[in-house]
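The following exercises concern a single protein chain. Each task is followed by a solution in steps, to be read beside the sequence and the model.

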Amino acid sequence: MMRVTLALKNIGIDPIYWKVWWDALHEDYDPKVLLDSLSPNQLECKHWLIDNLPLDELRKFNNLNIHLYAGWFGYPLIDMLLEKLDINKITNIDCDNSAIALSRKYTALKNLDHKVFFREHKVEEPLNDGSNKDKDVRLVINTSSEHMPDLPELIKNKNYKDRCIFALQSNNMEYVDDHINCSTNLDNFIEKSKLTKIFFADSFKMKNGYDRYTVIGNHE
């Protein structure tokens with residue numbers, strides 16, 4: 001096994017990702033979906049968000065607890081966050097049980113069960129029990145805003161503190177069937193978020209010609 005792990009590392013493949021994908025393919029996961037989770041566009045967008053997080057604000061919190069909205073497989077975003085931030089707890093919230101199952105496998109193989117948690121339900125449902133309750137969360141990340149209602153609707157029944165930071169991404173790819181809530185431009189996305197203090201807001205042109213937006217702020 002050690003020889004296999006070394007061989008994979010030598011050709012630039014993370015052995016844990018390989019193990020998770022190998023098992024997933026034998027459980028009839030769609031290989032195109034697996035590949036898309038590590039596509040250049042996915043990686044670029046997530047790096048862009050993390051590179052612009054307000055680190056000075058986040059360092060003010062003694063325990064940095066994070067919620068991922070519709071976090072999909074969770075990784076590689078969780079890996080990127082752990083490299084950048086001193087995180088106490090992070091919870092991947094997704095109603096897709098197959099995505100959560102894969103996220104659990106990654107977490108177990110990486111020995112992160114003490115830090116990474118999961119909730120298999122809609123993101124707008126309150127988390128008032130168990131690990132990483134709404135009231136204890138200091139950063140909420142949603143890289144899939146185009147798939148769900150606007151932030152005010154998502155958090156109206158939640159118990160986040162005013163200083164909780166929201167890092168949001170969306171796009172204007174309205175032709176995609178399950179994109180139910182695209183934004184026409186960056187200003188439109190900012191307006192729909194109803195954040196009152198903006199730490200970062202920008203857009204960039206993706207290779208497919210459409211725009212990707214990132215907005216980071218809070219309700220202070």
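A residue counts as buried when its relative accessible area is under 20%, as exposed when that area is over 50%, and as partly exposed in between. The model is predicted, and every value below is computed from it.

**Exercise 1. Aromatic pairs**

Determine how Trp48 and Phe204 are arranged, which parts of the chain they link, and whether each is buried or exposed.

Step 1. The structure holds 9 aromatic pairs, and Trp48 with Phe204 is one of them, at 4.7 Å centre to centre and 80° between the planes. Planes over 60 degrees apart count as edge-to-face, so this pair is edge-to-face.

Step 2. Trp48 belongs to helix α4 (residues 40-51) and Phe204 to strand β6 (residues 197-205). With the two positions 156 residues apart, the pair links distant parts of the chain.

Step 3. Trp48 has a relative accessible area of 14% and is therefore buried. Phe204, at 18%, is buried as well.

Step 4. Tyr160 and Phe166 form another edge-to-face pair, with 5.7 Å between centres and 80° between planes. Both Tyr160 and Phe166 are buried.

**Exercise 2. The loop between β1 and α6**

Identify the backbone features of Ala70, Trp72 and Pro76 that depart from the usual.

Step 1. Most residues other than glycine have a negative phi, and most peptide bonds are trans.

Step 2. Ala70 is in the loop between β1 and α6, and its phi is positive, about 50°, although it is not a glycine.

Step 3. Trp72 is found in the loop between β1 and α6 and also has a positive phi, near 60°. With a relative accessible area of 25%, Trp72 is partly exposed.

Step 4. Pro76 is in the loop between β1 (65-69) and α6 (77-84). The peptide bond leading from Tyr75 to Pro76 is cis, with omega near 15°. Tyr75 is also part of a cluster in which ring pairs link Tyr17, Tyr75 and Tyr106.

**Exercise 3. Cysteines**

Explain why Cys95 takes part in no disulfide, and state whether Cys95 is buried or exposed.

Step 1. A disulfide requires two cysteine sulfur atoms within 2.5 Å.

Step 2. The closest cysteine sulfur to that of Cys95 is in Cys182, 18 Å away, which is too far for a bond. Cys95 is exposed, because its relative accessibility is 57%.

Step 3. Cys182 is in no disulfide either; its nearest cysteine sulfur, that of Cys45, is 13 Å away. At 12% relative accessibility, Cys182 is buried.

Step 4. By this rule the count is 0 disulfides.

**Exercise 4. Surroundings of Asn142 and Arg212**

Describe the contacts of Asn142 and Arg212.

Step 1. Asn142 is in strand β4 (residues 139-142) and is buried, because its relative accessibility is 2%.

Step 2. Beyond residues up to four places away in sequence, Asn142 touches Tyr69, Met148, Leu154, Ala167, Leu168 and Gln169. Tyr69 is 73 residues from Asn142 along the chain, yet their C-alpha atoms are separated by 4.9 Å.

Step 3. A polar atom of the Asn142 side chain lies 2.9 Å from the backbone nitrogen of Ser144.

Step 4. Arg212 is in strand β7 (residues 211-218), and its relative accessible area of 8% makes it buried.

Step 5. The side chains of Arg212 and Gln169 are joined by a polar contact of 3.3 Å. Leaving aside neighbours within four places in sequence, Arg212 also has contacts that include Cys45, Trp48, Asp202 and Phe204. Gln169 is thus touched by Asn142 and by Arg212.

**Exercise 5. Packing of helices**

Which residues of α6 are buried, what covers them, and how do α2 and α7 pack?

Step 1. The buried residues of α6 are Leu77, Ile78, Asp79, Met80 and Leu81.

Step 2. Their cover includes α2 (15-26), α4, β1, β2 (89-93), β3 (116-119) and β4.

Step 3. The axes of α2 and helix α7 (residues 97-109) are 10 Å apart, at an angle of about 145°, and the crossing is right-handed.

Step 4. In α2 the contact is made by Ile16, Tyr17, Lys19, Val20, Trp21, Asp23 and Ala24, and in α7 by Leu102, Lys105, Tyr106 and Leu109. Tyr17 and Tyr106 also belong to the aromatic cluster of Exercise 2.

Technical notes:
Residues numbered from 1 in each chain as written. Predicted model: local features only at pLDDT ≥ 70, side-chain atom pairs only at ≥ 80, totals over all residues. Heavy atoms only, no water. Phe/Tyr/Trp six-rings, centres within 6.5 Å; stacked < 30°, edge-to-face > 60°. Helix = DSSP H or I, 4+ residues; strand = E, 2+ residues; numbered from the N terminus. Buried < 20%, exposed > 50% of the residue type's maximum accessible area, 1.4 Å probe, protein only. Contact = heavy atoms within 4.5 Å. Polar contact = N/O pair within 3.5 Å; in protein donor to acceptor, adjacent residues only side chain to side chain. Axes fitted to C-alpha atoms, helices over the stretch in contact; angles between N-to-C directions. Left-handed = near helix turned anticlockwise from the far one by under 90°.
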